[in-house]
Amino acid sequence: MSKILVLDYSWSCGNTEKIANEVASTLHADKERIETETPYPKDYNVTVEQGEKEVNEKFAPALKPLVHSLK
């Protein structure tokens, strides 16, 4: 197991995930995706509205546990 862990958090698994994969590959690091317990809607506009509301309310969604240990 690597001593470097690259985490990515992306709604669409697009550019953010691609860059995280490149960084992990370059650094020979492990990579893991951060996921919310309750997935965001598939519709982009609905997700943006929900995200704006969550930011304004200072809401932090529950996250699934990581597979990698951070110890």
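How many residues does helix α2 have, and what span should they cover at 1.5 Å a residue? In this predicted model, helix α2 comprises 13 residues, from 44 to 56, and these should span 18 Å. The end C-alpha atoms of α2 are 18 Å apart, which agrees with that expectation. The expected value is obtained by multiplying 1.5 Å by one less than the number of residues. Helix α1 gives a matching case: α1 has 13 residues and reaches 18 Å from its first C-alpha to its last, close to the 18 Å expected at 1.5 Å a residue.

The ends of the helices were then examined. At the N-terminal end of α2, Asp43 acts as a cap. A side-chain oxygen of Asp43 lies 3.1 Å from the backbone nitrogen of Asn45. After α2 comes Lys58, a residue with a positive phi, near 55°. Helix α1 is followed by His28, for which phi is positive, near 55°.

The charged side chains form 4 salt bridges under the criterion applied. In one of these, Asp8 and Arg33 meet through their side chains at 3.5 Å, N to O. This pair joins distant parts of the chain, with Asp8 in strand β1 and Arg33 in strand β2 (residues 30-33), 25 residues apart. The accessibility of the two partners was also assessed. Asp8 counts as buried because its relative accessibility is 2%, and the limit for a buried residue is under 20%. Arg33, at 23% relative accessibility, counts as partly exposed.

A salt bridge is also made by the side chains of Glu17 and Lys31, at 3.9 Å, N to O. Here the link runs between helix α1 (residues 15-27), which holds Glu17, and strand β2, which holds Lys31, and the two residues are 14 residues apart. Lys31 has a relative accessibility of 24% and therefore counts as partly exposed. Taken as a group, Asp8, Glu17, Lys31 and Arg33 are linked in a network of salt bridges.

The side chains of Lys64 and Glu35 form a further salt bridge, 3.9 Å from N to O. Lys64 belongs to the segment after α2 and Glu35 to the loop between β2 and α2, so that distant parts of the chain, 29 residues apart, are linked by this pair. Both partners are partly exposed: Lys64 has a relative accessible area of 39%, and Glu35 has a relative accessibility of 35%. When residues up to four places away in sequence are not counted, Lys64 touches Glu35, Thr36 and Glu37. The C-alpha atoms of Lys64 and Glu37 are separated by 5.2 Å, although the two residues are 27 residues apart along the chain.

Thr36, one of the residues touched by Lys64, is found in the loop between β2 and α2. Its relative accessibility is 8%, and Thr36 therefore counts as buried. A polar atom of the Thr36 side chain lies 2.8 Å from the backbone oxygen of Thr38. With neighbours within four places in sequence left aside, Thr36 is in contact with Tyr9, Pro61, Ala62, Leu63 and Lys64.

Attention then turned to the nonpolar surface. Ile4, Ile19, Val23 and Leu27 make a nonpolar surface patch of about 320 Å². Ile4 is placed in the segment before β1 (5-8). With a relative accessibility of 37%, Ile4 counts as partly exposed, and this value satisfies the requirement of over 30% relative accessible area for patch residues. Residues up to four places away in sequence being excluded, Ile4 touches Leu27, Ala29 and Asp30. One of these contacts, Leu27, is also a member of the nonpolar patch. The C-alpha atoms of Ile4 and Ala29 are separated by 4.9 Å, with their positions 25 residues apart along the chain counted as their distance apart.

Note on methods. Residues are numbered from 1 along each chain as its sequence is written. This is a predicted model: local features need pLDDT of at least 70, side-chain atom pairs count only at pLDDT 80 or more; totals for chains, interfaces and linings use all residues. Side-chain values use heavy atoms; hydrogens and water are left out. Patches are made of residues with over 30% relative accessible area and no salt bridge: like charges are joined within 9 Å, nonpolar side chains (Val, Leu, Ile, Met, Phe, Trp, Tyr) within 5 Å. Accessible areas come from the Shrake-Rupley method with a 1.4 Å probe; for residues, only the protein chains shown count as cover. Helices (H or I, at least four residues) and strands (E, at least two) are DSSP runs, numbered from the N terminus. Buried means under 20% relative accessible area, exposed over 50%, partly exposed in between (1.4 Å probe, protein chains only). A polar contact is a pair of N or O atoms within 3.5 Å; within protein, one must be able to donate a hydrogen and the other to accept it, and residues adjacent in sequence count only if both atoms are side-chain atoms. Contact means heavy atoms within 4.5 Å.
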